[in-house]
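This report concerns the arrangement of strands, nonpolar cores and aromatic rings in a single protein chain. The sequence and the structure are displayed first.

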Amino acid sequence: MVFKYNPPRNNASAYTVYLLPNLWSYITCDFRKAKLLANPKQGGGQSGFVVELNQWRPYYFASNGDNGNHCDDGLMKFFAVPWPRVS
């Protein structure tokens, strides 16, 4: 999965990419046990930031930018469940 976002400018709030540990932390935007995957500058450029989804399970992602409002507003969070490969 590739994340692409603009680096922060002037007074604009910065984007980040966190991996949240479970559904409850995703719903409540609880970042206490979340893992920072990409800082505000890592999503820029042509390649962006790549996350490998190598397990068949839900992955919960969110941005903690703007003091958590990106997640709280529901605009900067999503989950993904990769489909298993059949050889």
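The text below treats the sheet, one of its residues, the cores and the ring contacts in turn. The model is predicted.

**The sheet**

Four strands form an open sheet in the order β3-β2-β5-β6, and their pairing is antiparallel. Strands β3 and β6 stand at the edges with a single partner strand each, so one side of each has no neighbour in the sheet. On average, neighbouring strands of this sheet are turned by 30° against each other, direction ignored. Strands of a sheet pair through backbone hydrogen bonds, in either a parallel or an antiparallel manner. For β2 and β5, the antiparallel pairing extends over 3 bridges. Y18 stands opposite A62 of β5.

**A62 and its surroundings**

A62 belongs to strand β5, which covers residues 59-62. Its relative accessibility is 3%, and A62 therefore counts as buried, the limit being under 20%. When neighbours within four places in sequence are left aside, A62 is in contact with T16, V17, Y18, L20, F31, C71, M76 and K77. The C-alpha atoms of A62 and Y26 are separated by 7.6 Å, although these residues are 36 residues apart along the chain.

**Nonpolar cores**

The largest nonpolar core has 10 residues: F3, Y5, V17, L19, L37, A38, F49, V51, Y59 and F61. Two or more residues of this core come from each of the elements β2 (17-20), β3 (35-38) and β5. A second, separate core of 9 residues includes Y18, F31, A34 and C71.

L37 illustrates the contacts made by a member of the largest core. Not counting residues up to four places away in sequence, L37 touches V17, Y18, L19, Q42, F49, V51 and F61.

**Aromatic rings and charges**

The model contains 9 aromatic pairs. Two of these pairs are set out in the table.

| Ring pair | Distance between centres | Angle between planes | Geometry |
|---|---|---|---|
| F3 and F78 | 5.9 Å | 40° | tilted |
| Y18 and F31 | 5.1 Å | 75° | edge-to-face |

What does the pair of F3 and F78 tie together? F3 lies in strand β1 (residues 2-3) and F78 in strand β6 (residues 77-80), so the pair ties together parts that are 75 residues apart in sequence. The two rings differ in burial class: F3 is buried, with a relative accessible area of 10%, whereas F78 counts as partly exposed at 32% relative accessibility. Ring pairs also link F3, Y59, F61 and F78 into a cluster.

The pair of Y18 and F31 likewise links distant parts of the chain, 13 residues apart. Y18 lies in strand β2, and F31 lies in the loop between α1 (23-28) and β3. Both Y18 and F31 are buried, and both belong to the second core. Y18 and F31 are also among the residues in contact with A62.

Charged side chains are placed over two of the tyrosine rings. R57 lies over the face of Y59, at 3.9 Å from the ring centre. The charged end of K77 sits over the ring of Y26, 4.8 Å from the centre of that ring. K77 is also one of the contacts of A62, and Y59 is a member of the largest nonpolar core.

Conventions: Residues are numbered from 1 along each chain as its sequence is written. This is a predicted model: local features need pLDDT of at least 70, side-chain atom pairs count only at pLDDT 80 or more; totals for chains, interfaces and linings use all residues. Side-chain values use heavy atoms; hydrogens and water are left out. Buried means under 20% relative accessible area, exposed over 50%, partly exposed in between (1.4 Å probe, protein chains only). Contact means heavy atoms within 4.5 Å. A nonpolar core is a set of buried Ala, Val, Leu, Ile, Met, Phe, Trp, Tyr and Cys residues joined through side-chain atoms within 4.5 Å. Rings of Phe, Tyr and Trp (its six-membered ring) pair if their centres lie within 6.5 Å; planes under 30 degrees apart count as stacked, over 60 as edge-to-face and the rest as tilted. A charge sits over a ring if NZ of Lys or CZ of Arg is within 6 Å of the ring centre and within 35 degrees of the ring normal. Two strands pair if DSSP finds at least two bridges between them. Axes are lines fitted to C-alpha atoms, for helices over the stretch in contact, and angles run from 0 to 180 degrees between N-to-C directions.
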